[in-house]
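Hello,

Here is the structure I said I would pass on. My notes follow below it.

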Amino acid sequence: MFYSKRKIRTILLALSSCFLPYTHGVEVGETAPKFTLPDIHQSTSITLDSYKGKIVLVDFWASWCGPCRKSLPFFTDLKKEHANKPFEILAINLDESAEDGKDFLKKINTNYPILYAGADSNLPQKYGVEAMPTSFIIDAQGKIWLIHKGMKDNDKSVVRYHIKEALKGL
């Protein structure tokens, strides 16, 4: 039986949280793991710390992820809805190559930074990513407000609600 790189990556991502002793990930109320990652389109890097004082939605995604075809455009709408508020979205691509992520993004318009961590990054384990996409709403103090896995149409109202609630605290 032959498995594609994408299928193997999916299996390894799911298994990694089962076998690595220190990778339970974060829980609501804990401090979000810090990171500095390159923008997938530019040679600049972005740090999570640079968004302190804002509500930040951090989303882990990959080009082989079916639900990511819904989540990334939804996040574009969210960014528009909260354009004048202290809210940011950072989408982190986990593809084998940045080119896979870039090709996927040619079909989707985004209005927020797309970062590249790659398949070998340990960042998904630090966050406890077990499914694609997985989103984390981080409050202005850098604490995890919400962890959301997957993206179905009815999930959008849940994410919207939590962003509005987190913004009320600012």
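**A131 and its surroundings**

A131 sits in the loop that runs between α4 (123-127) and β6. Keep in mind that this is a predicted model. Is A131 buried, exposed or partly exposed? Its relative accessible area is 26%. Buried means under 20% and exposed means over 50%. A131 is therefore partly exposed. H148 is 17 residues away from A131 along the chain. The C-alpha atoms of the two are separated by 9.6 Å.

**Overall layout**

The protein chain has five helices and seven strands. Starting at the N terminus, the order of elements is α-β-β-β-α-β-α-β-α-β-β-α. The chain counts 170 residues, and 48% of them are buried. Now take the contacts with a separation of 6 or more. Of these, 71% are between residues 24 or more positions apart.

**Cavities**

How many cavities of 30 Å³ or more does the structure hold? There are two. The largest has a volume of about 130 Å³. It is lined by 15 residues, and those closest to its centre are L48, D49, K52, I138 and G142. Sorted by class, the lining of the largest cavity has six nonpolar, four polar and five charged residues.

The second largest cavity holds about 30 Å³ of space. L57, F75, S135, F136, I137, L146, I147, H148 and V159 form its lining. At least two of the lining residues come from β6 (134-138), and at least two come from β7 (144-149). By class, the lining of the second largest cavity has seven nonpolar and two polar residues. Charged residues are absent from the lining of this second cavity. H148, the partner of A131 in the C-alpha distance above, is one of the residues that line the second largest cavity.

**D95**

D95 is in the loop between β4 (87-93) and α3 (98-105). How buried is D95? Its relative accessible area is 1%, so D95 counts as buried. The D95 side chain makes a polar contact with the side chain of S63, at 2.9 Å. Leaving aside residues up to four places away in sequence, D95 touches A62, S63, W64, D100, G101, Y116, G118 and A119. S63 thus appears twice, in the polar contact and in the list of residues touched.

**Helix α3**

G101, one of the residues that D95 touches, is also one of the buried residues of α3. The others are F104 and L105. Why do these buried residues lie on the same side of α3? They cover an arc of only 95 degrees around the axis, and this puts them on the same side of the helix. What covers them? The cover includes β3 (55-61), α2 (68-81), β4 and β5 (114-116).

**H82**

H82 lies in the loop between α2 and β4. Is H82 buried or exposed? The relative accessibility is 2%, so H82 counts as buried. Not counting residues up to four places away in sequence, H82 touches F87, I163, K164 and L167.

**To take away**

The two loop residues D95 and H82 are buried, whereas the loop residue A131 is partly exposed. For the cavities, the largest has five charged residues in its lining, and the second largest has none.

Best wishes

Terms used
Residues numbered from 1 in each chain as written. Predicted model: local features only at pLDDT ≥ 70, side-chain atom pairs only at ≥ 80, totals over all residues. Heavy atoms only, no water. Helix = DSSP H or I, 4+ residues; strand = E, 2+ residues; numbered from the N terminus. Buried < 20%, exposed > 50% of the residue type's maximum accessible area, 1.4 Å probe, protein only. Polar contact = N/O pair within 3.5 Å; in protein donor to acceptor, adjacent residues only side chain to side chain. Contact = heavy atoms within 4.5 Å. 1 Å grid on protein atoms, 1.4 Å probe; cavity = no way out; pocket = protein on both sides within 12 Å on 5 of 7 lines; lining within 4 Å. Points joined across faces, edges and corners; volume = space filled by probe spheres on them. Nonpolar A, V, L, I, M, F, W, Y, C, P; charged D, E, K, R; others polar. Arc of directions from axis to C-beta.
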